[in-house]
Amino acid sequence: MLDYVDVKHQSENIKAGVLMVIGPKDTVVFPKTQMAAFNRIKSRKRLLVLPEYGHEYLPKISDELREFFEFGK
């Protein structure tokens with residue numbers, strides 16, 4: 001169960017803007033491993049937490065994605 005390790009260590013190399021969406025009920029990619037990667041990102045980043053979701057389709061994020069990537073927020 002070390003799949004996240006490479007992602008965490010590669011996060012510092014990300015140059016693009018990142019909008020990370022986390023569902024705290026995720027049992028596939030645990031939130032603490034997602035946060036380990038997020039905390040190491042040095043580029044422009046934003047965290048969106050959807051408490052009612054886990055590892056599934058997230059219908060509430062289309063407006064957030066558009067705003068983040070079109071307007072550079």
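How many helices and how many strands does the protein chain contain?

## Overall architecture

The protein chain holds three helices and two strands. The model described here is predicted. Read from the N terminus, the order of elements in the protein chain is α-β-α-β-α.

## Burial, surface and contacts

The protein chain has 73 residues, of which 30% are buried. Its accessible surface amounts to about 5200 Å², and carbon and sulfur atoms account for 56% of that area.

Contacts in the protein chain may also be described by sequence separation. Of those between residues at least 6 apart in sequence, 70% link residues at least 24 apart.

## Strand 1

Strand 1 spans residues 18-22 and is mostly covered, with five of its five residues buried. The side to which each residue points divides the strand into two sets: Val 18, Met 20 and Ile 22 face one way, while Leu 19 and Val 21 face the other way. Residues of both sets are buried.

## Strand pairing and crossover

Which strand is joined to strand 1, and by how many bridges? The partner is strand 2, residues 45-49, and five bridges connect the two. Strand 1 and strand 2 run parallel. Within this pairing, Leu 19 lies opposite Arg 46 of strand 2.

The connection between the paired strands passes through helix 2, residues 31-40: the chain leaves strand 1, traverses this helix and arrives at strand 2. The resulting β-α-β crossover is right-handed.

Terms used
Residues numbered from 1 in each chain as written. Predicted model: local features only at pLDDT ≥ 70, side-chain atom pairs only at ≥ 80, totals over all residues. Heavy atoms only, no water. Helix = DSSP H or I, 4+ residues; strand = E, 2+ residues; numbered from the N terminus. Buried < 20%, exposed > 50% of the residue type's maximum accessible area, 1.4 Å probe, protein only. Contact = heavy atoms within 4.5 Å. Areas by Shrake-Rupley, 256 points an atom, 1.4 Å probe, with all protein chains shown as cover. Pairing = 2+ DSSP bridges. Right-handed = clockwise from strand over helix to strand, strands pointing away.
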